[in-house]
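Here's a quick tour of the empty spaces in this model, plus one helix pair worth a look. Have the viewer open while you read.

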Amino acid sequence: MKKILTLLALAATSSIFAASPDTTVWLAKPAKNFMESTPLGNGRLGAMDFGGIENERVALNEDSLWSGSVQNSDRTNAAAALPEIRRLLLAGNNAEAERLVNKNFTCAGPGSGYGHGKDVAYGSYEVLGDLRLNFQYASTNEATDYRRELDLTTATARTEFLRGGVKFTREIFVSALDQAVVMRLTAAQAGQLTFDATLDRPERFKTEIVGNDELLMSGAMTNGAGGEGVKYAARLKVRNTGGKISAAAGKISVRGANEVLLFVTAATDYERFAKVSRRDVAAAAAKDLKVAAKKKYSKLLAAHAKDYQSFYNRVKLDLPVTSKNDVTTKSTPERIAAKDLANDSALAVLYFNFGRYLLISSSRPGDMPANLQGIWVDTTSPPWSADYHLNVNIQMIYWPAEVCNLTELNEPLFAYIESLQVPGAVTAKKYYGANGWVAHVLANAWGFTSPGESAAWGLTPSDAAWLCHHLWEHWKFTGDREFLKRVYPVLRGSAEFFADTLIEEPSHKWLVTSPANSPENAFKMTNGQTAHVCLGPTLDNQLLRFLFNACIESSEILGVDKTFAADLKTKRDRLPPTRIGSDGRVMEWLEEYQEPEPTHRHVSHLWGLYPGDEISPTATPALAEAARKSLDMRGDKSTGWATAFRMALWARLHDGDRTFKLLQNLLQPAGGKGTDYGGSGGGTYPNLFDAHPPFQIDGNFGGTAAIAEMLVQSQAGEIELLPALPSAWPDGKVSGLRARGGCEVGIKWKDGKLASVTIKNVSGDGHVKVRYGSKVVELNLKKGEAENLDAAFQ
């Protein structure tokens with residue numbers, strides 16, 4: 001067994017040297033800023049390695065380190081204003097209705113819609129702190145041959161350089177099994193490692209020395225109400241081979257060592273969700289540290305790699321290198337800057353693999369859901385408070401989970417959705433006088449479900465229904481009846497809210513949501529006024545059709561709630577259909593309003609195309625064409641996440657070359673770090689992080705999911721092969737992608753045509769339809785059975 005573990009560790013280390021262009025992110029210099037650093041994580045703990053030569057910095061994160069606290073964010077008089085708001089909307093006086101919403105129907109006190117949650121009760125996700133290593137070298141010569149790389153196959157980073165003829169190497173990973181950040185420093189000559197190590201953060205901390213080889217940093221966040229909130233502790237232990245070690249003045253000093261191991265552990269007293277315990281955080285961090293620091297580095301590395309690869313190795317995408325030049329041998333920033341994706345197919349694969357890596361590293365069962373930055377921040381006040389925006393962002397983060405065979409990583413999201421029922425029920429009563437539960441765009445670690453601060457963007461009650469879509473998708477992908485039984489009350493509660501709150505609009509007698517926004521978008525009234533608050537935006541109608549249908553089908557499957565299901569059927573049939581306007585586009589609102597910003601980043605009215613399933617080129621060709629025209633008008637240039645959304649939509653329209661064009665846009669160099677909501681935003685930072693800008697991780701995940709959609713789709717009751725294959729990828733293969741119905745898919749193609757396909761029934765009923773082009777093959781597979789269909793599609 002020892003031999004096997006050692007071999008695994010050697011394999012994990014040696015694989016980094018291979019530097020495959022589709023599994024290695026590498027940079028030729030130390031990071032100057034966060035967007036050049038290397039992200040590592042185990043779901044709960046995160047680390048951003050800057051790779052400095054004289055001054056190394058590792059920004060540390062713990063996924064529950066939030067400021068703020070549970071707050072009474074619901075207005076007490078909101079429901080009293082609702083009848084007048086609705087009357088004004090029904091009368092076409094949207095501007096006055098919006099004024100009333102701003103006065104009486106937003107949250108009580110500040111939320112974080114403007115990204116300033118840090119010092120108020122809403123709170124913010126914050127950096128845990130920084131591990132800093134200040135080195136002294138025998139040689140004063142400049143370092144040469146610098147290389148910093150992240151191996152996606154092992155989730156291990158490595159930095160190497162020469163100084164004074166001596167090769168220095170650092171390796172770092174974050175172990176999920178041992179709940180520790182582990183770093184190893186080595187030099188090719190004995191006695192060359194001399195440095196001081198510290199732990200600090202921008203505020204609210206103290207650092208103590210423990211013995212001669214350990215530091216303890218501890219403190220408490222503000223609760224946003226004048227007191228202390230979440231308590232935290234981080235511990236650093238230094239283990240040297242050779243040389244001397246000492247501790248004084250808040251730092252650990254290593255002199256003349258041959259090899260040094262560093263271990264960082266951390267704990268908070270936050271409990272999922274919106275609870276604070278009284279546990280001893282210093283003792284909790286010490287417990288993890290004691291276990292990890294006793295183990296050999298080779299065993300830690302081998303166990304870490306094996307655990308990570310149990311997720312990562314499920315899917316493999318291969319696109320033959322098409323480059324006629326040496327672009328694939330260049331550093332990752334140089335490959336991005338080359339803007340030559342047509343000749344660097346490996347960069348597309350690298351981006352796909354990086355997205356899977358990020359999800360594995362930021363969302364593990366039992367932890368917090370990934371936030372707007374995953375788990376990686378280096379400040380106490382990150383953009384948008386690094387919270388859980390619900391009007392597309394958290395949903396996009398989890399789009400790859402099912403199709404990329406990472407279904408277990410949904411657990412933090414599912415648990416979070418369930419946790420919103422209690423506060424969401426209070427919000428439903430206080431604002432709408434309704435049963436069930438609701439949530440709006442803003443969400444945090446403290447159960448915030450109130451509308452946002454502004455009527456222009458904060459009034460999106462259908463966000464709760466969008467969350468429910470992820471629960472339903474898990475059922476569709478896995479066929480897990482026990483899961484459906486567990487989450488049906490969540491679906492039912494959301495549907496109950498909307499069944500209680502729909503009102504009849506006068507023109508067509510449809511049932512519509514009121515008041516509502518089409519996320520963050522505006523329209524012009526006939527009188528020239530710009531408004532945001534409306535009746536029944538298209539997104540809401542599509543989401544409620546899904547939600548009501550899911551509850552109706554669940555009722556049949558589980559044999560429950562027949563009367564409720566019948567009521568939903570009646571209301572579903574009175575929802576506004578998705579309509580085509582006089583200009584041939586999908587209508588975003590009930591009326592054909594003019595748009596102040598035709599190229600707006602949000603494409604919410606196309607939810608029924610993706611991630612929904614009510615629009616398709618085959619079943620609803622007219623709507624599909626209208627969606628195409630809508631996308632043409634919106635344009636291909638937008639923020640990072642919006643570009644990824646457009647990618648997925650074009651993939652659903654079976655336009656592989658247009659999808660590929662959007663992927664090229666997604667992988668262009670990011671233009672800046674400041675906030676940009678318009679068409680000059682988007683792109684990718686040097687470390688492959690997505691740029692809104694600033695950094696926002698949902699675009700990484702959206703791009704990964706869209707690449708999967710180019711190769712396999714299954715939303716229409718059949719598995720469709722190569723539905724959006726671009727001409728830039730004439731040859732390739734992929735294995736391990738998942739399809740609805742509980743199947744796993746492996747395909748190979750050559751000269752743009754399907755060459756081989758294998759379908760495996762993992763957890764479904766076995767009745768499977770497989771489509772390639774116009775041909776459909778039906779299968780009946782036992783669980784665990786796989787069938788090759790090469791002959792069927794020749």
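## The largest pocket

In this predicted model, three elements each put at least two residues into the lining of the largest pocket: helix H12, helix H14 (538-558) and strand S29 (767-772). H14 chips in the largest share, 6 residues. The space in this pocket comes to about 640 Å³, and 29 residues line it, with Lys476, Asp613, Gln715, Gly717 and Arg740 the closest to its centre.

What mix of residue types makes up the lining of the largest pocket? It splits into 9 nonpolar, 10 polar and 10 charged residues.

## The largest cavity

Searching the whole structure for cavities of 30 Å³ or more turns up 6. The largest cavity has a volume of about 180 Å³. Its lining has 15 residues, and those nearest the centre are Trp399, Glu473, Phe477, Tyr610 and Arg740. Helix H9 (399-403) and H12 are the elements that give two or more residues to that lining.

Which element supplies the largest share of the lining of the largest cavity? That's H12, with 4 residues. By type, the lining of the largest cavity has 7 nonpolar, 3 polar and 5 charged residues.

## H12 against H13

H12 turned up in the lining of the pocket and of the cavity, so to speak, but here's its helix partner. The axes of H12 (residues 463-478) and H13 (residues 481-501) come within 10 Å and cross at roughly 160 degrees. Angles over 145 degrees count as roughly antiparallel, and therefore that label fits H12 and H13. The crossing of H12 past H13 is left-handed.

On the H12 side, the contact uses Ala464, Ala465, Cys468, Leu471, Trp472, His474 and Trp475; H13 meets them with Arg481, Phe483, Leu484, Val487, Val490, Leu491, Ser494 and Phe498. Sorted by type, the residues of this contact are 12 nonpolar, 2 polar and 1 charged.

## The second largest cavity

Now for the second largest cavity, which holds about 50 Å³ of space. Among the residues lining it are Phe135, Tyr137, Phe161, Phe168, Arg170, Leu185 and Gln192. Strands S8 (166-175), S9 (180-187) and S10 (193-200) are the elements that give two or more residues to this lining.

S8 gives the most, with 3 residues. The lining of the second largest cavity divides into 6 nonpolar, 5 polar and 1 charged.

Note on methods:
Residues are numbered from 1 along each chain as its sequence is written. This is a predicted model: local features need pLDDT of at least 70, side-chain atom pairs count only at pLDDT 80 or more; totals for chains, interfaces and linings use all residues. Side-chain values use heavy atoms; hydrogens and water are left out. Axes are lines fitted to C-alpha atoms, for helices over the stretch in contact, and angles run from 0 to 180 degrees between N-to-C directions. Angles under 35 degrees count as roughly parallel, over 145 as roughly antiparallel, 65 to 115 as roughly perpendicular and the rest as oblique. A crossing is left-handed if the near helix is turned anticlockwise from the far one by less than a right angle, and right-handed if clockwise. Contact means heavy atoms within 4.5 Å. Ala, Val, Leu, Ile, Met, Phe, Trp, Tyr, Cys and Pro count as nonpolar, Asp, Glu, Lys and Arg as charged, and the others, Gly among them, as polar. On a 1 Å grid over the protein atoms alone, a cavity is a set of points where a 1.4 Å probe fits but cannot get out, and a pocket is an open set with protein on both sides within 12 Å along at least five of seven lines; lining residues have an atom within 4 Å of a point. Grid points are joined across faces, edges and corners, and a volume is the space filled by probe spheres set on the points.
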